[in-house]
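This report describes one protein model for a reader who has not seen it before. The account moves from the overall fold to the interior, the surface and the charged pairs.

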Amino acid sequence: EAWATLGAALAGSGDESGAEDAYRKALALRPEYSVARHNLGALLSRTQRAEEAIAELDRVASQGLRGREVQFNRARALFDLYRFDEAEQALTEALRVAPRDVESHVFLAKLRYMRGDDRFTRSLESALEQVPGDVALRMTLGDLQRRAGLAAESERDLRSLIAEGHD
């Protein structure tokens, strides 16, 4: 665990090479240590080593670790490989586990928008049907609409938030 924790500390300080070495040492000692394997997969995904990342993240999933972070990191790696359908499925799974996760909603909306999907914010809108008072999700929807050039929709939704007292 000390090697894995050192890896996380090194990754947090920007020492990706040192972090990778530490994670690999942790796994050499305990190959079944899923947290170290996930962190290695996440690091590989962030550093655009997608094939390696997917191998590590798939191994983590086969060990039973299937949380939001695993699916999000897997989606990022799949996206880098232009495997967009699989990336969308991974993000959908991440949102099934954590339906209010802004980062996953934004990534999924951007992926759908890039692919020409007119309903690119549908997962976010669906989440808001479940928790209409979630200010972070509502702000995210307004911002995504603005970025997509949907100024009228963005303004309407953001003015609604302001009218409710969410400055």
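Helices here are DSSP runs of H or I with at least four residues, numbered from the N terminus. Read along the sequence, the protein then follows the pattern α-α-α-α-α-α-α-α-α-α. That comes to 10 helices and zero strands.

The model is predicted. The mean pLDDT of the protein is 95, and 100% of its residues reach 70 or more. Among its elements, helix 2 (residues 16-29) has the highest mean pLDDT, 98, and helix 10 (residues 151-163) the lowest, 92.

**Overall dimensions**

The C-alpha trace spans about 55 × 30 × 25 Å along its principal axes. The accessible surface of the protein comes to about 9100 Å², and carbon and sulfur atoms account for 50% of that surface. Of the 167 residues, 42% are buried. Contacts between residues at least 6 apart in sequence include a share of 43% that join residues at least 24 apart.

**The interior**

The largest nonpolar core has 26 residues, and Y23, A36, A75 and L91 are those with the most contacts inside it. Two or more residues of this core come from each of helix 1 (2-12), helix 2, helix 3 (34-46), helix 4 (50-62), helix 5 (68-80), helix 6 (84-97) and helix 7 (102-114). Helix 6 gives the largest share, five residues. Leaving out residues up to four places away in sequence, A36 touches A4, Y23, A26 and L27.

A second, separate core has nine residues, including L128, L141, L144 and A148.

T140 is found in helix 9 (residues 135-147). Is T140 buried or exposed? Its relative accessible area is 11%, which is under the 20% cut-off, so T140 is buried. Beyond its neighbours within four places in sequence, T140 is in contact with V102, V106 and L124.

**The surface and the loops**

W3, L6 and L29 form a nonpolar patch on the surface, with about 300 Å² of accessible area together. W3 lies in helix 1. The relative accessibility of W3 is 34%, between the cut-offs of 20% and 50%, and W3 therefore counts as partly exposed.

Two loop residues have a positive phi although neither is a glycine. Q48 has phi near 60 degrees and sits in the loop between helix 3 and helix 4. Q48 is exposed, with a relative accessible area of 63%. Y82 has a phi of about 60 degrees and belongs to the loop between helix 5 and helix 6. Y82 counts as exposed, at 66% relative accessibility.

R66 is placed in the loop between helix 4 and helix 5. R66 and R49 are 17 residues apart along the chain, and their C-alpha atoms are separated by 20 Å. Not counting residues up to four places away in sequence, R66 touches A61, Q71 and V97.

**Salt bridges**

How many salt bridges does the structure hold? There are 22 salt bridges. The table lists some of them.

| Salt bridge | Closest N to O distance |
|---|---|
| D85 and R115 | 2.6 Å |
| R112 and E88 | 3.0 Å |
| R156 and D157 | 3.1 Å |

D85 and R115 form a salt bridge that links distant parts of the chain: D85 is in helix 6, R115 is in the loop between helix 7 and helix 8 (122-130), and their positions lie 30 residues apart in the count along the chain. R115 is partly exposed, with a relative accessible area of 38%.

The salt bridge between R112 and E88 also links distant parts of the chain, with R112 in helix 7 and E88 in helix 6, 24 residues apart. Are R112 and E88 buried or exposed? R112 has 7% relative accessibility and counts as buried. E88 has 15% relative accessibility and likewise counts as buried. Salt bridges that share partners join D85, E88, R112, R115, D117 and R122 into one network.

In the pair of R156 and D157, D157 has 18% relative accessibility, which is under the 20% cut-off, so D157 counts as buried.

Conventions
Residues numbered from 1 in each chain as written. Predicted model: local features only at pLDDT ≥ 70, side-chain atom pairs only at ≥ 80, totals over all residues. Heavy atoms only, no water. pLDDT = per-residue confidence, 0-100. Core = buried A, V, L, I, M, F, W, Y, C linked by side-chain atoms within 4.5 Å. Buried < 20%, exposed > 50% of the residue type's maximum accessible area, 1.4 Å probe, protein only. Contact = heavy atoms within 4.5 Å. Patch = residues over 30% accessible without salt bridge, like charges linked within 9 Å, V, L, I, M, F, W, Y side chains within 5 Å. Areas by Shrake-Rupley, 256 points an atom, 1.4 Å probe, with all protein chains shown as cover. Salt bridge = Lys/Arg side-chain N within 4 Å of Asp/Glu carboxyl O.
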